[in-house]
Amino acid sequence: MGSGMQDIEIAFQDQLQKNHCFGCGADNDQGLKIKSYWADDGTAVCRFTAKPHHCAGPTRYLNGGIMATLLDCHSICSAIALAYRTEGRAISEGESIAFVTGSMDIAYKQPVPIDSPVLLKAELESLSPRKTRVVCRLFSEDNLCAQADVLAVRVPDNW
Ligand SMILES: CCCCCCCCCCCC(=O)SCCNC(=O)CCNC(=O)[C@H](O)C(C)(C)COP(=O)(O)OP(=O)(O)OC[C@H]1O[C@@H](n2cnc3c(N)ncnc32)[C@H](O)[C@@H]1OP(=O)(O)O
């Protein structure tokens, strides 16, 4: 797909039904409402601009829990998108696919300035029909600031 495609693509989260998650739910009006897309290189990307109240102790830095939510939600939504793609279906077409976080390890490498947009980049590896490993990196101003290793586990859609 060309570099302009992302602008007209629909975010993974806007194709998922009835998702009230604080981080990624399109149906949570008080949530972060992240938006994730496929990139040309097969990774999934998400850009997010924090609000001032997402701060850490010092107001100039992004809160680590918010960072964890961004890494977690972008990873899980990307694992869901990969599963649909692997099954040759558009997101939410046919029987719905759900994954949740089984585990997540995060390395916080550098503080994240709160007033710059962050870029999340997820690399996905399907380990089995139920398990997808996601390595998700968070960048600010081209600096790698955090990295998460996530195990996404497929669950029934009534989880
Ligand atoms: C609807 C809206 C749509 C849209 C939905 C979008 C939602 C986005 C959500 C954002 C992310 C979240 O916040 S999710 C919420 C936070 N996460 C949770 O609350 C999860 C709570 N945990 C659980 O429900 C459960 O423990 C599960 C589902 C993770 C696993 O339980 P299970 O279903 O009984 O399966 P189980 O047999 O134990 O595990 C399956 C395989 O995964 C492995 N496995 C499981 N947990 C781990 C672990 N911590 N570390 C290593 N490996 C693990 C097992 O070894 C096994 O491997 P093998 O033997 O097969 O090799």
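Which residue in β4 is the bridge partner of Arg47? Before I answer, let me say what we are looking at. This is a predicted model, in which local features need pLDDT of at least 70 and side-chain atom pairs count only at pLDDT 80 or more, while totals for chains, interfaces and linings use all residues. Residues are numbered from 1 along each chain as its sequence is written.

The partner of Arg47 is Leu119, and this bridge belongs to the pairing of strand β2, residues 44-48, with β4, which runs in the antiparallel sense over five bridges. When I say strand I mean a DSSP run of E with at least two residues, when I say helix a run of H or I with at least four, both numbered from the N terminus, and two strands pair if DSSP finds at least two bridges between them.

Let us now widen the view to the sheet. It is an open sheet of six strands, antiparallel in its pairing, in the order β1-β2-β4-β5-β6-β3. Because β1 (36-38) and β3 (98-108) stand at the edges with a single partner strand each, one side of each is left without a neighbour in the sheet.

Within that order, strand β4, residues 118-126, pairs with β5 in the antiparallel sense over nine bridges, and the two form a hairpin with four residues between them. Going along this pair, Ser126 stands opposite Thr132 in β5, and Glu125 stands opposite Arg133 in β5.

Is Phe139, a residue of strand β5 (residues 131-140), buried or exposed? Phe139 is buried, because 20 other C-beta atoms lie within 10 Å; the cut-offs are 20 or more such atoms for buried, 12 or fewer for exposed, and partly exposed in between, with C-beta atoms placed from the backbone. Leaving aside neighbours within four places in sequence, Phe139 is in contact, meaning C-beta atoms placed from the backbone lie within 7 Å, with Val118, Leu119, Lys121, Leu144 and Cys145. Phe139 and Leu120 are 19 residues apart in sequence, and their C-alpha atoms are 6.3 Å apart in space.

Finally, the annotation: an unreviewed UniProt entry places the feature "domain: Thioesterase" at residues 61-143, with positions in the numbering used here, the feature name shortened, and the caution that annotations may be inferred rather than shown by experiment. Over residues 61-143 the chain is 28% helix and 37% strand, and the end C-alpha atoms are 14 Å apart.

Note on methods: Two residues are in contact if their C-beta atoms, placed from the backbone, lie within 7 Å.
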